[in-house]
Amino acid sequence: MSLRPPVRVALAESVGALPRGAGLAYEPKFDGHRMVIFRDAGDVVLQARSGRIITAAFPDLADAARQLPAGTVLDGEVVVWTGGRTDFAAVQGRAAATPVRARTLAVRLPASYAAFDLLAEDGRDLRPVRYERRRERLVAVLGALGPPLQPVPMTTDPQLAAVWYETLPEIGVEGLVIKRLDQPYKAGTRAWRKLRHTDTRDAMVVGFTGARSRPAALALVLPDDDTPVVSSPLAPPLRGQAGAALPEPVPGTGTAMAPGLGEVEYRRVPPRLMAEVAQGTTRHSLITVLRLRDAAEGDEEGLVPDKGADG
């Protein structure tokens, strides 16, 4: 195979209005975990956006990907549907599970893969090929398989894209990704554009800095990125709320990126707490925690990884 993990993924720059014009394609933006699927003649490898190998965490998708032709590489988003909506807490709970628990969660919270690009076919690197052609081949490769592997919807009609933008938040899809039809796949570059429906997002709390009783800041995992980031300092009322809501730390510490500070060490906790956050549109903008809520309402046991799981 011409492409082997890890590969750098293409990225998107936030915009404040729907781009219009000839030669544009519009896709719904699913909030889950970015994943690259590699299918070679031997087996399947699943890679997160950070480059981390996460095959063991998603055995259901690995099993489905074994039906792909050898030499196929897909880029897309992992989502879990609960109650007719995408559930980022469920995705993060699955991503954090140990290999033993992952098999159980695959039955209780099956994952779906929304593929939005084809990086290789038959071992041929398609990244230099225009998006329009890659999209055609993506639909052809996945058309015979069906769920849980499927291409994301796509339209070149800006009016339909505007309808998607207004209506899809009802099922947890918060925006659109816009691509040029003639564009190659630019790894590591923000050549795509994304239009989010709101400036607030849900994030999973995976740790904290400072004292657990009154944490200074929270370590968070945002949709579409498995690399933890540190929030801006918590407001005094939130420090007390977070101290009361944080679960017991798990052994060990992690490191997360903090805007303006670089890497910061944090204490790790199981993924039981969600934070609604506000984030600027620039790559290294501050992340402000607005409010906290339980991530595991009604299914806490299924989303909490075994002690020592990779968080």
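**Salt bridges and overall fold of the chain**

Let me start with Asp31. Its relative accessibility is 9%, under the 20% cut-off, so Asp31 counts as buried. Keep in mind that this is a predicted model.

What does Asp31 pair with? Its salt-bridge partner is Lys29, and the closest N and O atoms are 2.9 Å apart. Is Lys29 buried or exposed? Lys29 has 6% relative accessibility, so Lys29 is buried. Both ends of this bridge are therefore buried, Lys29 at 6% and Asp31 at 9%.

The general point is brief. Side chains of opposite charge can pair when their charged atoms come close.

Next pair: Arg34 and Asp75. They form a salt bridge, with 2.8 Å between the closest N and O atoms. This one links distant parts of the chain. Arg34 sits in strand 3, residues 33–39. Asp75 sits in strand 5, residues 72–82. The two are 41 residues apart. How accessible is Asp75? The value is 0%, so Asp75 counts as buried. Arg34 comes out at 3%, which means it is buried as well.

Now a pair with some exposure. Asp43 and Arg66 meet in a salt bridge, 2.8 Å from N to O. Again, the pair links distant parts of the chain, 23 residues apart. Asp43 is in the loop between strand 3 and strand 4, the latter being residues 44–48. Arg66 is in the loop between helix 1, residues 59–65, and strand 5. Asp43 has a relative accessible area of 36%, so it is partly exposed. Arg66 is partly exposed too, at 31%.

Which residues join Asp43 and Arg66 in a network? Asp63 and Arg103 do; salt bridges link the four.

How many salt bridges are there in total? The count is 18. On charge overall, the chain has 39 positive and 37 negative charges. Their mean positions lie 3 Å apart.

Let me zoom out to the fold. We have seven helices and 17 strands. The C-alpha atoms fill a box of roughly 55 × 45 × 35 Å along the principal axes. The radius of gyration is 19 Å. A compact globule of 311 residues would come near 19 Å, so the chain agrees with that rule.

Burial next. Buried residues are 52% of the 311. The exposed area is about 13,200 Å², and carbon and sulfur atoms supply 52% of that area.

Last, contacts. Take those between residues at least 6 apart in sequence: 69% of them join residues at least 24 apart.

Definitions and conventions
Residues numbered from 1 in each chain as written. Predicted model: local features only at pLDDT ≥ 70, side-chain atom pairs only at ≥ 80, totals over all residues. Heavy atoms only, no water. Helix = DSSP H or I, 4+ residues; strand = E, 2+ residues; numbered from the N terminus. Rg over C-alpha atoms; globule rule 2.2 N^0.38 Å. Buried < 20%, exposed > 50% of the residue type's maximum accessible area, 1.4 Å probe, protein only. Contact = heavy atoms within 4.5 Å. Areas by Shrake-Rupley, 256 points an atom, 1.4 Å probe, with all protein chains shown as cover. Lys, Arg positive; Asp, Glu negative; His and termini not counted. Charge placed at Lys NZ, Arg CZ, Asp CG, Glu CD. Salt bridge = Lys/Arg side-chain N within 4 Å of Asp/Glu carboxyl O.
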